[in-house]
Amino acid sequence: MVSLSLHGAGRPLALRDIAGREDISLAYLEQLFVKLRRGKIVRSVRGPGGGYMLARPAAQIRVDEIIDSVEESLVPVSCMDANGRCVCSDQCVSHSVWQGWANVSASSSHR
């Protein structure tokens, strides 16, 4: 979603491009985007130059909506370990988003 927001610039992005940029399986990404479309988080554009784009401005999309839509566990990126730390040598685009989530999640569980 972060990649779509950063690189979409109001135009659709092909899932193949996102998969390559984020090193995510294209088949897995296709499954997620079907669910995100049903959840009205993204919309698809058919034809040449088609792909997916955000259904509304990124600032209006909450992380919990995304998680609910895809019905996934909360280890949202493959480079995040069980403690919410990024284990990549290079930071992925989503690092700052999930780092903030992990910090909030960890502090909430200690209450």
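**Exercise 1. Determine which residues glutamate 65 touches, leaving out residues up to four places away in sequence, and describe its polar partners.**

Solution.

Step 1. In this predicted model, glutamate 65 touches Ile41, Arg56 and Gln60, when residues up to four places away in sequence are not counted.

Step 2. Glutamate 65 is located in helix 4. The buried residues of that helix are Glu65, Ile66, Ile67, Ser69 and Val70, and the residue that follows the helix, glutamate 71, has a positive phi, near 50°.

Step 3. One of the contacts of glutamate 65 is a salt bridge: its side chain meets that of arginine 56 at 2.4 Å, N to O. Arginine 56 has a relative accessibility of 23% and therefore counts as partly exposed, since the range for that class begins where buried ends, at 20%.

Step 4. A polar atom of the glutamate 65 side chain also lies 2.8 Å from the backbone nitrogen of arginine 62.

**Exercise 2. State how many salt bridges the structure holds, and identify them.**

Solution.

Step 1. The general principle is that side chains of opposite charge can pair when their charged atoms come close.

Step 2. The structure holds two salt bridges. One of them joins arginine 56 and glutamate 65.

Step 3. Another is formed by the side chains of arginine 62 and aspartate 64, at 2.9 Å, N to O. Aspartate 64 is partly exposed, with a relative accessible area of 39%.

**Exercise 3. Locate arginine 43 and describe its surroundings.**

Solution.

Step 1. Arginine 43 belongs to strand 1, which spans residues 42-45.

Step 2. With a relative accessible area of 41%, arginine 43 is partly exposed.

Step 3. Setting aside residues up to four places away in sequence, arginine 43 touches Gly51, Tyr52, Met53, Leu54 and Ala55. Strand 2 covers residues 51-54.

Step 4. Arginine 43 and arginine 56 are 13 residues apart along the chain, and their C-alpha atoms are separated by 9.0 Å.

**Exercise 4. Explain why the buried residues of helix 2 line one face of the helix.**

Solution.

Step 1. The buried residues in helix 2 are Leu15, Ile18, Ala19 and Glu22.

Step 2. When helix 2 is viewed down its axis, these buried residues fall within an arc of 100°, so they line one face. An α-helix has 3.6 residues a turn, so residues three or four places apart point the same way.

Step 3. The face turned away from the buried side carries the exposed residues Arg16 and Gly20.

Step 4. The buried residues of helix 2 pack against helix 1, helix 3 and strand 2. Just after helix 2, aspartate 23 has a positive phi of about 55°.

**Exercise 5. Describe the largest nonpolar core and name the elements that supply at least two of its residues.**

Solution.

Step 1. In soluble globular proteins, nonpolar side chains tend to be buried together.

Step 2. The largest nonpolar core of this model contains 16 residues, and those with the most contacts inside it are Leu4, Ile18, Phe33, Leu36 and Val42.

Step 3. At least two residues of this core come from each of helix 2 (15-22), helix 3 (26-38), strand 2 (51-54) and helix 4 (63-70). Helix 3 gives the most, with four residues.

Step 4. Isoleucine 18 illustrates these contacts: apart from neighbours within four places in sequence, it is in contact with Ser3, Leu4, Leu13, Leu29 and Phe33.

**Exercise 6. Establish whether alanine 9 and lysine 40 are buried or exposed, and describe their phi angles.**

Solution.

Step 1. Alanine 9 is in the loop between helix 1 (2-8) and helix 2. Although it is not a glycine, alanine 9 has a positive phi of about 45°.

Step 2. Alanine 9 has a relative accessible area of 69% and is exposed, because exposed means over 50%.

Step 3. Lysine 40 is placed in the loop between helix 3 and strand 1. Its phi is also positive, at about 60°, although lysine 40 is not a glycine.

Step 4. Lysine 40 is exposed, with a relative accessible area of 61%.

**Exercise 7. Summarise the chain as a whole: its secondary structure, burial and surface.**

Solution.

Step 1. The chain has five helices and two strands, arranged along the sequence as α-α-α-β-β-α-α.

Step 2. The chain has 111 residues, of which 31% count as buried.

Step 3. The accessible surface comes to about 7,300 Å², and 51% of it belongs to carbon and sulfur atoms.

Methods. Residues are numbered from 1 along each chain as its sequence is written. This is a predicted model: local features need pLDDT of at least 70, side-chain atom pairs count only at pLDDT 80 or more; totals for chains, interfaces and linings use all residues. Side-chain values use heavy atoms; hydrogens and water are left out. A nonpolar core is a set of buried Ala, Val, Leu, Ile, Met, Phe, Trp, Tyr and Cys residues joined through side-chain atoms within 4.5 Å. Buried means under 20% relative accessible area, exposed over 50%, partly exposed in between (1.4 Å probe, protein chains only). Contact means heavy atoms within 4.5 Å. The arc is that of the directions from the helix axis to the C-beta atoms. A salt bridge is a side-chain nitrogen of Lys or Arg within 4 Å of a carboxyl oxygen of Asp or Glu. Accessible areas come from the Shrake-Rupley method with a 1.4 Å probe; for residues, only the protein chains shown count as cover. A polar contact is a pair of N or O atoms within 3.5 Å; within protein, one must be able to donate a hydrogen and the other to accept it, and residues adjacent in sequence count only if both atoms are side-chain atoms.
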